[in-house]
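Me: I'm new to this structure and would like a close look at a single pocket. Start with the chain as a whole, then show me what surrounds that spot.

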Amino acid sequence: MFRFRTCLSAAACTAALVFAGCSTTSLDDNVPVETAKPVAVPGAGAGQGAGGASSSGTSASGVASVDLTKSGTGGADAAAMAQRVVYFDFDSFIVKDEYRPMLEAHAKALSANRSKRMTLEGHTDESGGREYNLALGQKRAEAVLKSLVLLGVLETQLEAVSFGEERPVSTGTEEASRAKNRRVEMKDK
């Protein structure tokens with residue numbers, strides 16, 4: 001550790017701290033900037049433009065952008081629009097990546113028609129108390145709402161409500177039945 005016994009002025013101490021930093025790597029170990037090669041971004045392809053931005057829809061961070069103005073693949077959009085249920089893991093309100101195409105298709109439709117409204121109904125299985133399940137159902141509905149808002153839907157077009165365990169689609173006590181009840185249903189208003 002770097003020790004300071006005395007400092008002639010506060011500015012000298014500050015400058016010494018800035019130059020000392022918290023790094024454990026010495027400057028001699030680093031590759032000079034002139035010889036460093038650009039890092040390949042998975043999926044970026046040849047469309048990499050100046051400044052690290054990609055013209056192919058993938059940013060330098062590797063996160064693909066979504067263009068809601070393009071017409072999609074037709075059949076894939078129709079199939080995604082037909083799906084209206086997002087399922088969740090036990091005691092979770094994290095929207096899984098597998099529902100992204102469905103959410104993108106619904107976001108595209110809602111963005112194209114700003115007068116269209118949708119209710120997001122959060123549900124749980126019978127595990128847990130009534131109040132807990134109502135809160136979990138609300139968190140699930142709000143997670144889907146936030147996903148759609150991030151995809152360009154106006155928050156005023158969406159309403160998140162929770163029914164907790166009150167409206168099961170499956171009444172069995174085995175895991176497969178319970179898994180069907182951990183869901184958010186997307187319903188047009």
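Reply: Take the contacts (heavy atoms within 4.5 Å) between residues at least 6 apart in sequence: 66% of them join residues at least 24 apart. Keep in mind that this is a predicted model, where local features need pLDDT of at least 70, side-chain atom pairs count only at pLDDT 80 or more, and totals for chains, interfaces and linings use all residues. Residues are numbered from 1 along each chain as its sequence is written, and side-chain values use heavy atoms, leaving out hydrogens and water.

The chain has five helices and four strands (DSSP runs numbered from the N terminus: H or I of at least four residues for helices, E of at least two for strands). Walk along the sequence and you meet them as α-α-β-α-β-α-β-α-β. Of the 189 residues, 28% are buried (under 20% relative accessible area, with over 50% exposed and partly exposed in between, using a 1.4 Å probe and protein chains only).

Now for your pocket, the second largest, which holds about 220 Å³ of space. Its lining is made up of I94, V95, K96, D97, Y99, R100, L103, S147, L150 and L151. Two elements, α3 and α4 (130–150), each give two or more residues to that lining. Sorted by class, six lining residues are nonpolar, one is polar and three are charged. (A pocket is an open set of points on a 1 Å grid over the protein atoms alone, where a 1.4 Å probe fits, with protein on both sides within 12 Å along at least five of seven lines; lining residues have an atom within 4 Å of a point.)

Look next at helix α3, residues 100–112. At 1.5 Å a residue (times one less than the number of residues), its 13 residues should span 18 Å, and the end C-alpha atoms are indeed 18 Å apart. L103, from the pocket lining, is among the buried residues of α3, along with M102, A105, H106, A107, L110 and S111.

The other contributor, helix α4, is home to Y132. At 44% relative accessibility, Y132 counts as partly exposed. Its C-alpha atom is separated by 8.1 Å from that of G164, 32 residues apart along the chain.

For a strand to set beside these helices, try β2 (residues 118–123), where T119 sits. T119 is buried, with a relative accessible area of 13%. Setting aside neighbours within four places in sequence, T119 is in contact with E159, V161, E185, M186, K187 and K189.

How values were computed
Grid points are joined across faces, edges and corners, and a volume is the space filled by probe spheres set on the points. Ala, Val, Leu, Ile, Met, Phe, Trp, Tyr, Cys and Pro count as nonpolar, Asp, Glu, Lys and Arg as charged, and the others, Gly among them, as polar.
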